Amino acid sequence: MAVTINGKEIAEDVVSKVKASAADLIETSGITPGIAVVIVGEDPASQVYVASKGRKARECGFHSVQYTLSEETSENELVALVEKLNADPLIHGILVQLPLPKHIDSGRIIQTISPDKDVDGFHFINVGKLGTGEIETAFVPCTPAGSMLLIERILGRDLSGLNAVVIGRSNIVGKPMFNLLLAHNATVTIAHSKTKDLASICRNADILVAAVGRPQMVKAEWVKPGATVIDVGINRIPAPEKGEGKTRLVGDVDFADASTVAAAVTPVPGGVGPMTIAMLMANTLVAAYRSAGKTLPRF
């Protein structure tokens with residue numbers, strides 16, 4: 001049976017280091033890392049995510065502010081708020097919770113955020129830095145960054161000679177994951193809905209990252225014996241065993257099935273999920289250190 005990669009435990013380790021480094025920055029520079037989270041509308045899932053990010057920021061000793069705007073907020077009003085936060089020296093990281101209402105152009109909002117405060121890593125400048133290998137100066141999107149850290153904990157930083165397959169080509173996970181693996185010397189294939197004979201491609205992967213949003217799609221026969229499997233998917237499926245109308249969370253990987261073949265697998269929940277918020281805190285801390293003219297050691 002595969003080793004279960006404990007994302008919650010590794011995330012707690014990251015957060016403990018963030019807390020210590022934040023305290024050191026406050027003591028030596030008088031600078032408290034600041035994060036602003038903006039949410040527009042009342043999407044229930046977004047409300048939960050935003051609340052958890054705020055709690056974690058306060059736990060890390062950050063200055064944390066939240067802007068909750070009505071569904072009717074105009075695009076120009078949101079742009080004005082982001083520009084105000086760009087100019088606020090107490091704020092080092094800006095996060096605008098997605099999705100936004102349909103009348104607001106998400107792309108315009110993301111590109112309005114200062115690249116130096118883009119702790120989500122979505123601004124074209126940070127995307128370009130990652131794509132050209134400038135990882136040390138880029139803000140890397142939090143979910144791929146957390147996934148990469150999990151891989152490092154299992155296989156180390158140098159992935160030379162290893163084949164990696166990423167299932168999914170989104171700008172948020174798939175493409176940045178590809179670039180991170182490539183920067184760590186893996187030989188990388190990115191697969192997607194148009195890929196022919198997907199299962200056979202996955203069976204060649206020493207590292208398999210699933211990020212497609214299809215419940216339990218990856219079965220044991222897709223997994224190379226001894227592979228490291230990172231499951232980014234979060235899907236809710238019916239759970240009649242819990243009672244009528246109940247549901248449960250599963251990933252894109254059939255965890256029980258894949259665990260019979262793989263060497264290490266992330267669970268859902270408790271795998272990549274906790275890492276995402278931990279890396280958001282790390283990115284915010286990096287931004288604060290840079291504002292003080294300091295460099296933060298790697299986590």
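This note goes through the overall build of a predicted model and then a helix and two loop residues.

1. Overall fold. The secondary structure of the chain comprises 10 helices and 11 strands. Its radius of gyration is 19 Å, close to the 19 Å given by the globule rule for 299 residues, so the chain is as compact as a globular protein of that length. Measured out along the principal axes, the C-alpha trace spans about 50 × 45 × 35 Å.

2. Burial and contacts. Of the 299 residues in the chain, 49% are buried. When contacts between residues at least 6 apart in sequence are considered, 69% of them join residues that are at least 24 apart.

3. Surface and charge. The chain exposes about 13800 Å², and carbon and sulfur atoms supply 54% of that area. There are 29 positive and 31 negative charges in the chain, and the mean positions of these two sets lie 2 Å apart.

4. Helix H10. This helix covers residues 272-291, and its 20 residues reach 29 Å from the first C-alpha to the last, which is close to the 28 Å expected at 1.5 Å a residue. H10 is mostly covered, since 14 of its 20 residues are buried. Just after H10, Gly293 adopts a positive phi of about 75°.

5. Phe62. This residue is found in the loop between helix H2 (44-59) and strand E3 (63-69). With a relative accessible area of 6%, Phe62 falls under the 20% cut-off and therefore counts as buried. Apart from neighbours within four places in sequence, Phe62 is in contact with Val18, Ala22, Thr32, Pro33, Ile35, Ala57, Met281, Thr284 and Leu285. In the same region of the note belongs Ala23, which is 39 residues from Phe62 in sequence and 9.3 Å from Phe62 in space, C-alpha to C-alpha.

6. Val173. This residue has its place in the loop between strand E5 (163-167) and helix H7 (174-183). Its relative accessibility is 10%, so Val173 is likewise counted as buried. Once neighbours within four places in sequence are left aside, the contacts of Val173 are with Thr143, Pro144, Ala211 and Val232. Val173 and Ile39 are 134 residues apart in sequence, and their C-alpha atoms are 21 Å apart in space.

Conventions:
Residues numbered from 1 in each chain as written. Predicted model: local features only at pLDDT ≥ 70, side-chain atom pairs only at ≥ 80, totals over all residues. Heavy atoms only, no water. Helix = DSSP H or I, 4+ residues; strand = E, 2+ residues; numbered from the N terminus. Rg over C-alpha atoms; globule rule 2.2 N^0.38 Å. Buried < 20%, exposed > 50% of the residue type's maximum accessible area, 1.4 Å probe, protein only. Contact = heavy atoms within 4.5 Å. Areas by Shrake-Rupley, 256 points an atom, 1.4 Å probe, with all protein chains shown as cover. Lys, Arg positive; Asp, Glu negative; His and termini not counted. Charge placed at Lys NZ, Arg CZ, Asp CG, Glu CD. Expected span 1.5 Å × (residues − 1).
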